[in-house]
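Biologist: Could you take me through one part of this model closely? I would like to hear about the open sheet and the loops beside it, and then a little about what lies elsewhere.

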Amino acid sequence: MPDRENLKVAVIGFGYVGSCIAATLADRGFDVVGVDTDPRLIDELNAGHCRFHEHGLPELIFRGMESGRLRVTTDPAETGDADVVLIAVGTPIRDDGSLADDQLRAACRGLSRHIRRGQLVVLKSTVPPGTTRDVVLPLLESGGLTGGIDFGLAFTPERLAEGTALQELRTFPIVAGGLGQDSARDAAEFWRRALEVEVIPLDSLESAEIVKLADNWWIDLNIALANELAKFCSLYGVDVLDVISAANTIPKGKGKVNILLPSVGVGGSCLTKDPWMVWRSARRRGVDILTASAGREVNAGMPEYTAELILNELAEEGKDPASSKVAVLGLAFKNNTGDLRATPTLGVVTALRKAGVDVRLYDPLVDATRAEELFGTKPAGTLAEAAHDADCVAVLALHREFQDIDFSMLPVANTCLVLDGRAYYSKEKIESLRRLGYRYRGIGRGDSLAGRGTATVTHLTEVAA
């Protein structure tokens with residue numbers, strides 16, 4: 001690693017992860033170039049438009065570009081001048097759970113033509129164990145240089161959550177495993193200098209690769225527990241949030257029991273695929289991992305379960321699904337993001353439409369064109385338009401823009417249901433909804449809460465759509 005402070009860094013893949021890392025490094029004074037194969041993305045950024053809905057990210061990107069510390073390009077030759085090259089391309093899986101490594105292989109082949117002696121290459125894309133050594137290394141060495149001698153190679157998993165990525169990038173520990181001690185040492189030194197965070201060195205590339213899979217395997221399985229606990233609580237008219245809050249008070253190990261929260265389902269580009277990487281990698285070596293597939297099965301079934309809750313509530317009110325309207329608020333896979341990748345909302349909408357429901361969509365954070373392509377209908381332009389005459393308002397992602405909804409002003413139908421898929425409304429909020437005449441149902445909530453309101457909805461129905 002050069003001793004100078006102003007290291008040059010190239011980031012291959014300017015998606016959610018790559019853009020956050022590149023913008024943060026540029027903000028900390030590094031000379032950064034972002035390389036991506038999508039010319040439209042590069043043109044948008046150079047024109048002052050950022051397609052990523054990450055809090056604070058657009059401002060950070062454009063501040064870096066204006067200062068000259070951050071550049072974006074489609075030219076892989078720009079990596080040749082870098083001291084450190086970070087690879088952050090997408091690594092989705094196929095239907096059988098195998099890695100779709102086309103982007104990764106293309107990035108490595110492109111880099112092999114420009115890699116030079118003394119560079120450190122760091123892979124951040126999530127991959128099955130052994131990928132850095134068995135796939136990335138040979139492709140990089142196809143350019144004529146030898147890994148561990150001419151250039152360094154390390155794996156440092158990305159462990160950020162959308163919506164809080166920039167804060168986590170500056171505070172979370174970095175895990176680093178290398179191709180030999182020199183690569184591991186250089187990777188650790190780079191991240192200490194780059195972000196001034198704790199670095200956890202590991203003995204091999206494979207151990208670092210498994211850390212990311214272990215994190216998401218645990219998260220997905222924990223959410224599956226919460227979702228099944230919610231179903232269990234519903235059998236007894238118990239509020240699952242009360243149960244989780246009380247259960248989480250007992251010490252266990254170095255912390256406490258930590259059951260996460262149930263929801264409409266799990267989405268995004270990581271939790272939906274990483275457990276399958278674990279399952280398939282183990283199966284190739286003759287071991288059946290049961291918990292990874294079990295957690296995926298539970299969470300993948302939650303959208304249909306949520307739709308059934310809505311349909312059952314409508315039926316209890318004597319409403320025919322074929323003549324009912326449901327306003328879905330929040331199309332993204334989680335709160336406060338516009339990311340539609342593997343969003344569980346799609347499963348809810350599909351199941352409702354199959355039952356004949358007229359579904360209206362609204363999400364101010366998602367790209368309207370992309371939403372129309374995915375859901376098959378154009379989202380409403382306003383909240384009031386989506387909620388007009390709705391028999392149910394389903395809050396499936398509680399964006400900041402939805403936190404202060406004035407339910408008294410929504411032009412919904414009488415005896416309207418509020419379906420809480422990810423809002424976790426307090427009991428005080430639920431009671432206020434009932435005073436307005438709404439009915440309430442959440443995932444694992446509803447039956448135990450104060451009696452359902454029977455009054456006519458007191459909203460202003462004359463609000464314009």
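Modeller: Happy to; the sheet comes first, then two loop residues, a helix and a pocket. Please keep in mind that this is a predicted model.

The sheet is open and has 5 strands, in the order S12-S11-S13-S14-S15, with parallel pairing. At its edges stand strand S12 (358–362) and strand S15 (439–442), and each has a single partner strand, so one side of each is left without a neighbour in the sheet. From one strand to the next, the twist averages 20 degrees.

For a closer view of one pairing, take strand S13 (residues 392–395) and strand S14 (residues 417–420), which are joined in the parallel sense over 4 bridges. Val393 has Val418 in S14 as its bridge partner. Helix H13 (residues 345–354) packs on the sheet, where it touches strand S11 (325–329) and S12. The direction of H13 makes about 155 degrees with that of S12.

Now to the loops. Most residues other than glycine have a negative phi. Ala342 is not a glycine, yet its phi is positive, at about 55 degrees. Ala342 sits in the loop between S11 and H13, and with a relative accessible area of 45% it counts as partly exposed. Tyr424 also has a positive phi of about 55 degrees without being a glycine. The loop that holds Tyr424 runs between S14 and helix H16 (427–435). Tyr424 is partly exposed too, because its relative accessible area is 28%, between the limits of 20% for buried and 50% for exposed.

Elsewhere, helix H4 (residues 102–112) has Leu104, Ala107, Cys108, Gly110, Leu111 and Ser112 buried. The cover over these buried residues of H4 includes strand S1 (8–12), strand S4 (84–87), strand S5 (120–123) and helix H5 (131–141).

H5 appears again in the second largest pocket, where H5 and helix H10 (274–284) each supply at least two residues of the lining. This pocket has a volume of about 420 Å³. Of its 18 lining residues, Pro128, Pro129, Thr131, Ser281 and Arg284 are the closest to the centre. H10 gives the largest share of the lining, 4 residues. By type, the lining of the second largest pocket divides into 8 charged, 5 polar and 5 nonpolar residues.

Definitions and conventions. Residues numbered from 1 in each chain as written. Predicted model: local features only at pLDDT ≥ 70, side-chain atom pairs only at ≥ 80, totals over all residues. Heavy atoms only, no water. Pairing = 2+ DSSP bridges. Axes fitted to C-alpha atoms, helices over the stretch in contact; angles between N-to-C directions. Contact = heavy atoms within 4.5 Å. Buried < 20%, exposed > 50% of the residue type's maximum accessible area, 1.4 Å probe, protein only. 1 Å grid on protein atoms, 1.4 Å probe; cavity = no way out; pocket = protein on both sides within 12 Å on 5 of 7 lines; lining within 4 Å. Points joined across faces, edges and corners; volume = space filled by probe spheres on them. Nonpolar A, V, L, I, M, F, W, Y, C, P; charged D, E, K, R; others polar.
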